[in-house]
Amino acid sequence: MSDEEFEQLVNAGIEAIPRKFLDLLDNVAITVEFQPSPAQAKRYRLTHNRRLLGLYEGVPQTSRAANYTGVLPDKITIFRGPIEEVAQGDPDRIREVVKDTVWHEIAHHFGMDEAAVRASERRRKDRGQ
């Protein structure tokens, strides 16, 4: 899969988010990297059994106060290499993992912690979304 094809999957994952949430995204950039940086790998204690598919870095909307001005955008990074590993190179599975990862990281932007995001993911999958 080319870089362009992978980025198209990320864009499709963004477009799959319900419009009511997309319209509320505020000051966030979504990027693609092949792997987490060495600093990220160290910070999150990544190993061959522990991968980082995506990462949200910023100030969640629920933590922003009136003085939230003049700040750099939040950053959501989608990591291609770990996603391809988890999906074992299967294009359909890669598409699914990208979509789920984009959704997961955007949920963090809206202030959901890891436990809440995972619970919401289970409910979403139970509904077949």
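Does R93 count as buried, partly exposed or exposed, or, put differently, which class does the relative accessibility of R93 give? R93 counts as partly exposed, at 36% or not being settled by eye but by a computed value of 33% relative accessibility.The opening above is faulty (it brings in a stray 36% for R93), so please discard it; the full document follows.

Which class of accessibility does R93 fall into at 33% relative accessibility? R93 counts as partly exposed, where buried means under 20% relative accessible area, exposed over 50% and partly exposed in between (1.4 Å probe, protein chains only). The legends below describe a predicted model, in which local features need pLDDT of at least 70 and side-chain atom pairs count only at pLDDT 80 or more, while totals for chains, interfaces and linings use all residues. Residues are numbered from 1 along each chain as its sequence is written, and side-chain values use heavy atoms, with hydrogens and water left out.

**View 1. A salt bridge within helix 5.** The side chains of R93 and E96 meet in a salt bridge at 3.2 Å, N to O, the term standing for a side-chain nitrogen of Lys or Arg within 4 Å of a carboxyl oxygen of Asp or Glu. Both residues lie in helix 5, three residues apart, which is about one turn of the helix; helices (H or I, at least four residues) and strands (E, at least two) are DSSP runs, numbered from the N terminus. Like R93, E96 counts as partly exposed, with a relative accessibility of 38%.

**View 2. Salt bridges between distant parts of the chain.** Eight salt bridges are found in the whole structure, one of them joining D3 and R80 at 2.4 Å, N to O. D3 belongs to helix 1 (residues 3-15) and R80 to helix 4 (residues 80-86), with their positions 77 residues apart in the chain. D3 counts as exposed at 52% relative accessibility, whereas R80 counts as buried at 10%. Another salt bridge is formed by D74 and R64 at 2.7 Å, N to O, linking strand 3 (residues 74-79) to the loop between strand 2 (54-57) and strand 3, ten residues apart. Both D74 and R64 are buried.

**View 3. The aromatic pair of F21 and F110.** One aromatic pair is counted under the rule that rings of Phe, Tyr and Trp (its six-membered ring) pair if their centres lie within 6.5 Å, planes under 30 degrees apart counting as stacked, over 60 as edge-to-face and the rest as tilted. F21 and F110 form this tilted pair, with 6.0 Å centre to centre and 55° between the planes. F21 lies in helix 2 (residues 19-22) and F110 in the loop between helix 5 (91-109) and helix 6 (114-126), so the pair ties together parts that are 89 residues apart in sequence. At 36% relative accessibility, F21 counts as partly exposed.

**View 4. The three-stranded sheet.** The strands of this open sheet follow the order 1-3-2 with mixed pairing, two strands being paired if DSSP finds at least two bridges between them. Strand 1 (28-33) and strand 2 stand at the edges with a single partner strand each, so one side of each is left without a neighbour in the sheet. Six bridges join strand 1 to strand 3, and these two run parallel; T31 stands opposite T77 in strand 3.

**View 5. T101 and its surroundings in helix 5.** T101 lies in helix 5 and is buried, with a relative accessible area of 6%. Leaving aside its neighbours within four places in sequence, T101 is in contact (heavy atoms within 4.5 Å) with L53, G54, I78 and I83.
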